[in-house]
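Okay, thanks for coming, everyone. I'll put the structure up in a second, and then I'd like to walk you through it piece by piece.

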Amino acid sequence: MAAPGAGAPPEETLSLWKREQARLKARVVDWDTEAWQRNPDFSGLQRVGGVDVSFVKGDSVNACASLVVLSYPELKVVYEECRMVNLKAPYVSGFLAFREVPFLAEAVQRLQEKEPSLMPQVLLVDGNGVLHQRGFGVACHLGILTDLPCVGVAKKLLQVDGLEKSDQHKEKVRCLRAAGATFPLVGDSGTILGMADIRSREYIRRNQGLPGAPALGQERTLKAQWQEVCPPGGSAEPTDKGRPPEHLGPGPGADPDAPTQAPRDSEAETGPVGVGPREGPCAICE
DNA sequence: GCGACAG
DNA sequence: ATCTTGTCGC
């Protein structure tokens, strides 16, 4: 048999995958559909979920697929599941979903069967959403399969639609001082493909306790932070619109979402529910 | 040597 | 994704 975890798939398979992405992309809903998405402090949001797949050291086939649901805004774990799985498809940039989404969708399905009352209202997914080669990353894919609003959370910037780690981009990242500060990632198409939300380790180490660095307990509200943008001078942005995930409308699930960069350590950040700190040089600051 | 092709 | 190495705090 072949080793799913490795080897590049034949061009024929990639064509099929592209066709599937195009088919499902038509069901994406990339606008707010839930009241909590636009409420000042997300009032109405009670459960936030997160999914991820972690691998066994030198193994690209065996991995742990996990789904966790937290209460909001308390952020207490109310549901958690980790399941060892055998990946069937290799990782191919632009097609991450075909490798991981089956197991993520199954995790959501099991939750629906066992504890439907704990179904999250939004799901954070490792990987990109609409910031993708064909505008349909794993977050979008899972959203369609589960009918849940999903937010893509990536650790590295996928340079598509004109997005690049230019000096301009790096400058904007450097402006992300306050925890939770963000700026929109606007592609050449004019679409906001995501929000970068980073805390520079250098800044923190050099400015602890200095003016400009908000004291603990004085941070702005999450919602307020999301709407913060670098000082005037940057090019894009007045879209006061945050960038929460969406929901589905007609047919099967749907929703899109935005990806983002994040600190290098463990997980990354998210457009909306961005909290995580972590530190260290990141793929964006670099 | 460096960058890029999510994880 | 995972591997590394170094630094700092407990």
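So, let me start with one of the DNA contacts. By class, the surface near DNA strand C has 1 nonpolar, 1 polar and 2 charged residues. Please keep in mind that this is a predicted model. Who are those residues? They're Ser54, Phe55, Lys57 and Lys155. And what do they touch on the DNA? Sugar and phosphate make up 100% of the strand C atoms that come within 4 Å of the protein. Two polar contacts to look at here: a side-chain N or O atom of Lys155 sits 2.7 Å from a phosphate oxygen of DNA strand C, and a polar backbone atom of Phe55 is 3.4 Å from a phosphate oxygen of that strand.

Now over to DNA strand B. There are 19 residues around DNA strand B, and the ones that come nearest are Tyr91, Gly94, Asp126, Lys155 and Gln159. For strand B, sugar and phosphate account for 56% of the atoms within 4 Å of the protein. By class, the surface near strand B splits into 7 nonpolar, 7 polar and 5 charged residues.

Where does the protein reach a phosphate of strand B, and where a base? Take Tyr91: a polar atom of its side chain is 2.7 Å from a phosphate oxygen of DNA strand B. For the bases, look at the backbone. A backbone N or O atom of Leu96 lies 3.1 Å from a base nitrogen of DNA strand B, and a backbone N or O atom of Asn128 lies 2.9 Å from a base nitrogen of that strand.

Okay, let's zoom out to the fold. Chain A has 6 helices and 7 strands. Reading from the N terminus, the order is α-β-β-β-α-β-α-β-α-β-β-α-α. The chain is 286 residues long, and 48% of them count as buried. If you take the contacts in chain A with a separation of 6 or more, 66% come from residues 24 or more positions apart.

On to the inside. In soluble globular proteins, nonpolar side chains tend to be buried together. Here, the largest nonpolar core has 27 residues, and the ones with the most contacts inside it are Val51, Leu67, Leu111, Leu123, Val125 and Leu142. Which elements give two or more residues to that core? Those are strand 1 (47-55), strand 2 (62-71), strand 3 (77-86), helix 2 (96-114), strand 4 (122-126) and helix 3 (138-146). Helix 2 gives the most, with 9 residues. There's also a second, separate core of 17 residues, which includes Leu131, Cys140, Val173 and Leu176.

If you want one residue to click on, try Val51. Not counting residues up to four places away in sequence, Val51 touches Ser66, Leu67, Leu104, Leu123, Leu124, Val125, Asp126 and Leu142.

Next, a charged residue. Glu81 is in strand 3. Buried or exposed? Glu81 is buried, because its relative accessible area is 10%, and the cut-off for buried is under 20%. What's its partner? The Glu81 side chain makes a polar contact with the side chain of Arg110, at 2.8 Å. Beyond its neighbours within four places in sequence, Glu81 also contacts Ala65, Ser66, Leu67 and Ala107, among others.

Now strand 5, residues 150-153. Both of its faces are covered: Cys150 and Gly152 are buried on one side, Val151 and Val153 on the other. Strand 5 pairs with strand 4 in the parallel sense, over 4 bridges. As one of the bridge pairs to find on screen, Leu123 has Cys150 of strand 5 as its partner.

Last stop, helix 3. Helix 3 is mostly covered, with 8 of its 9 residues buried. Those buried residues pack against helix 1 (11-25), strand 1, helix 2, strand 4 and strand 5.

Thr146 is in helix 3, and it counts as buried because its relative accessibility is 18%. Outside its neighbours within four places in sequence, Thr146 contacts Ala105 and Val108. A polar side-chain atom of Thr146 lies 3.3 Å from the backbone nitrogen of Leu148. And just after helix 3, Asp147 takes a positive phi of about 65 degrees.

That's my tour, so let's hear your questions.

Conventions: Residues are numbered from 1 along each chain as its sequence is written. Chains are lettered from A and ligands numbered from 1 in the order in which they are written. This is a predicted model: local features need pLDDT of at least 70, side-chain atom pairs count only at pLDDT 80 or more; totals for chains, interfaces and linings use all residues. Side-chain values use heavy atoms; hydrogens and water are left out. A residue is near a molecule or strand if one of its heavy atoms lies within 4 Å of it. A polar contact is a pair of N or O atoms within 3.5 Å; within protein, one must be able to donate a hydrogen and the other to accept it, and residues adjacent in sequence count only if both atoms are side-chain atoms. Ala, Val, Leu, Ile, Met, Phe, Trp, Tyr, Cys and Pro count as nonpolar, Asp, Glu, Lys and Arg as charged, and the others, Gly among them, as polar. A nonpolar core is a set of buried Ala, Val, Leu, Ile, Met, Phe, Trp, Tyr and Cys residues joined through side-chain atoms within 4.5 Å. Buried means under 20% relative accessible area, exposed over 50%, partly exposed in between (1.4 Å probe, protein chains only). Contact means heavy atoms within 4.5 Å. Two strands pair if DSSP finds at least two bridges between them.
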